[in-house]
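The following note sets out some points for discussion. They are best read with the sequence and the coordinates at hand.

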Amino acid sequence: MAVRLVFAMLTIFAVKESLMTSRHPVPDDFPREPAPGLVPGAQPKLLVRKMDERYRIGLTDEELWARYEACEDLARQLAEYASRKMSSSGLLLNDALERVAKGLKAKVGASQWDFYPAEITWMIKRTRELLSAATSGGSVHHDR
């Protein structure tokens with residue numbers, strides 16, 4: 001029983017290590033810092049988090065990677081959706097992007113999706129890149 005548990009733990013560690021080393025870096029144009037929090041009062045305040053007995057400002061590398069992956073995945077889904085709408089409805093690129101941006105902002109505004117304003121801007125830009133590549137003969141599925 002103990003041997004199986006150790007083997008399972010080693011397998012999980014190996015898979016996690018493999019995933020961490022095989023991923024590509026977060027692009028330079030992806031927003032690095034979330035929107036700063038607001039704390040009322042007359043004195044200036046610095047918002048920090050305590051992690052592993054250290055105070056941190058901003059995202060850890062893992063948190064940044066997770067947010068990038070979520071944004072990249074959604075941008076790809078939005079590009080595929082807009083591409084289908086352009087094909088079926090005859091929408092122009094800018095009209096399709098306008099609808100995508102409106103829908104994205106509505107979902108975030110209704111607290112259905114949790115993205116920062118800078119991430120929304122990045123996703124709209126990334127969706128445009130993917131759609132532009134697809135409409136010029138490329139594919140929405142290309143890797144970054």
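**Notes on the predicted model**

1. Arg 126 and Glu 129 stand three residues apart in helix H4, so about one helical turn separates them. The model is a predicted one. In it, the side chains of Arg 126 and Glu 129 form a salt bridge, with an N to O distance of 3.1 Å. Arg 126 is buried, at a relative accessible area of 3%, while Glu 129 is partly exposed at 30%.

2. Glu 129 also forms a salt bridge with Lys 125, at 3.8 Å from N to O. Lys 125 and Glu 129 are four residues apart in helix H4, again a separation of about one helical turn. The general background is that an α-helix has 3.6 residues a turn, so residues three or four places apart point the same way. Lys 125 has 40% relative accessibility and counts as partly exposed.

3. Which side chain meets that of Lys 125 in a salt bridge of 2.4 Å, N to O? The partner is Asp 29. Asp 29 lies in the loop between helix H1 (2–22) and strand E1 (49–51), whereas Lys 125 belongs to helix H4, so the pair ties together parts that are 96 residues apart in sequence. Asp 29 is partly exposed, with a relative accessible area of 33%.

4. These pairs belong to a wider arrangement: a network of salt bridges links Asp 29, Glu 72, Arg 76, Lys 125, Arg 126 and Glu 129. The structure holds eight salt bridges.

5. Helix H4 itself merits a geometric check. With 19 residues (117–135) at 1.5 Å a residue, H4 should span 27 Å, and its end C-alpha atoms are 27 Å apart, which agrees. The buried residues of H4 are Glu 119, Ile 120, Trp 122, Met 123, Arg 126, Thr 127, Leu 130 and Leu 131. Viewed down the helix axis, they fall within an arc of 165 degrees, so they line one face of H4. Those buried residues pack against helix H2 (61–89) and helix H3 (93–109). On the face turned away from the buried side, H4 carries the exposed residues Pro 117, Thr 121 and Thr 135.

6. The loop between strand E2 (54–56) and H2 offers a second region for inspection, with Thr 60 as one of its residues. Thr 60 is buried at 14% relative accessible area; leaving aside residues up to four places away in sequence, Thr 60 touches Arg 49 and Met 51. Gly 58 is in the loop between E2 and H2 too, and at 16% relative accessibility Gly 58 counts as buried. The C-alpha atoms of Gly 58 and Val 48 are separated by 7.7 Å, although the two residues are ten apart along the chain.

7. Is Ile 57, found in the loop between E2 and H2, buried or exposed? At 52% relative accessibility, Ile 57 counts as exposed, the cut-off being over 50%. Ile 57 joins Leu 46, Val 48 and Tyr 55 in a nonpolar surface patch of about 450 Å².

8. Finally, the chain as a whole. The protein chain has four helices and two strands, in the sequence pattern α-β-β-α-α-α. Of its 144 residues, 26% are buried. Among contacts with a separation of 6 or more, 65% are between residues 24 or more positions apart. The accessible surface comes to about 10,400 Å², and carbon and sulfur atoms account for 59% of that surface.

Conventions:
Residues numbered from 1 in each chain as written. Predicted model: local features only at pLDDT ≥ 70, side-chain atom pairs only at ≥ 80, totals over all residues. Heavy atoms only, no water. Expected span 1.5 Å × (residues − 1). Buried < 20%, exposed > 50% of the residue type's maximum accessible area, 1.4 Å probe, protein only. Arc of directions from axis to C-beta. Contact = heavy atoms within 4.5 Å. Patch = residues over 30% accessible without salt bridge, like charges linked within 9 Å, V, L, I, M, F, W, Y side chains within 5 Å. Areas by Shrake-Rupley, 256 points an atom, 1.4 Å probe, with all protein chains shown as cover. Salt bridge = Lys/Arg side-chain N within 4 Å of Asp/Glu carboxyl O.
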